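Me: Hey, can you walk me through the pockets in this one? I'm new to this, so plain words please.

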Amino acid sequence: MQTSTRDRIVVAAARLLQRQGYVGTGIKQIAREAQATLGSVYHFFPGGKEAVAVAAIRHSGEEFAALLRQALDGEDDPAQAVTSCARRLAGDLRESGWIDGCPVTAAALETLGTDSEIQQVCAEALRGWERLVSDKLLRCGFSSQDARELATTVIGALEGAEVTAQVTRSEEPLLTVGRQLARLVRSYEV
């Protein structure tokens, strides 16, 4: 199946943003990586770099949501599901040579304090991931409040552990956080 030019641009931008952040990624570099002309980038994204970044972050957020959904749905036990997520993130990060961390972190941090569309799409991604965890916990019998609060804790802890794992070039921060989150989830089980 042939990938459309627009899709190639989005995927290339997503990988570059994930590895270099928003500030470190240029529109010409996106075009070059996508094997597209600069004119094509502006044709599909008249809003320029920010518009490409928004589409790329949405794409990355959906990719990560699929990974998260797969890990959560792959285990009946919610504590084991959280551990599975952490192990999957650790393995993927190691395999990438410690460069493919969270697909929204760099862009989110670079645009803090702004009301940009980039900041909004990053917030949407994080809320969506929390909903996936919360939905899993609700299906397992957790109360609405406990599910919501645990989901925020799980995503926040995994995000922080992923950054720490990248910086230290070690899976251990994610594996440790996964084990501790599983203990926390088990302490609530009904």
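**Pockets and their linings**

Reply: Sure, and keep in mind that this is a predicted model. In the largest pocket, H4 gives the largest share of the lining, with 4 residues.

Me: Which other helices supply at least two residues of that lining?
Reply: Besides helix H4 (49-73), helix H1 (5-20) and helix H5 (78-95) each put in at least two residues.

Me: OK, and what volume does the largest pocket have?
Reply: About 220 Å³. The lining is made up of 13 residues.

Me: Which of them lie nearest its centre?
Reply: That would be Gln-18, Phe-64, Leu-67, Gly-101 and Pro-103.

Me: How do the lining residues divide into nonpolar, polar and charged?
Reply: For the largest pocket you get 5 nonpolar, 5 charged and 3 polar.

Me: Switching over, what's the volume of the second largest pocket?
Reply: That one comes to about 170 Å³.

Me: Which helix gives the largest share of its lining?
Reply: H7 does, with 7 residues. Helix H7 (117-139) and H4 each supply at least two residues there. H4 also supplies at least two to the lining of the largest pocket.

Me: Can you name some residues that line the second largest pocket?
Reply: Among them are Arg-58, Gly-61, Glu-62 and Ala-65, along with Val-121, Glu-124, Trp-129 and Leu-132.

Me: And how many of the lining residues there are charged?
Reply: In the second largest pocket, 4 are charged, next to 5 nonpolar and 2 polar ones.

Key
Residues numbered from 1 in each chain as written. Predicted model: local features only at pLDDT ≥ 70, side-chain atom pairs only at ≥ 80, totals over all residues. Heavy atoms only, no water. 1 Å grid on protein atoms, 1.4 Å probe; cavity = no way out; pocket = protein on both sides within 12 Å on 5 of 7 lines; lining within 4 Å. Points joined across faces, edges and corners; volume = space filled by probe spheres on them. Nonpolar A, V, L, I, M, F, W, Y, C, P; charged D, E, K, R; others polar.
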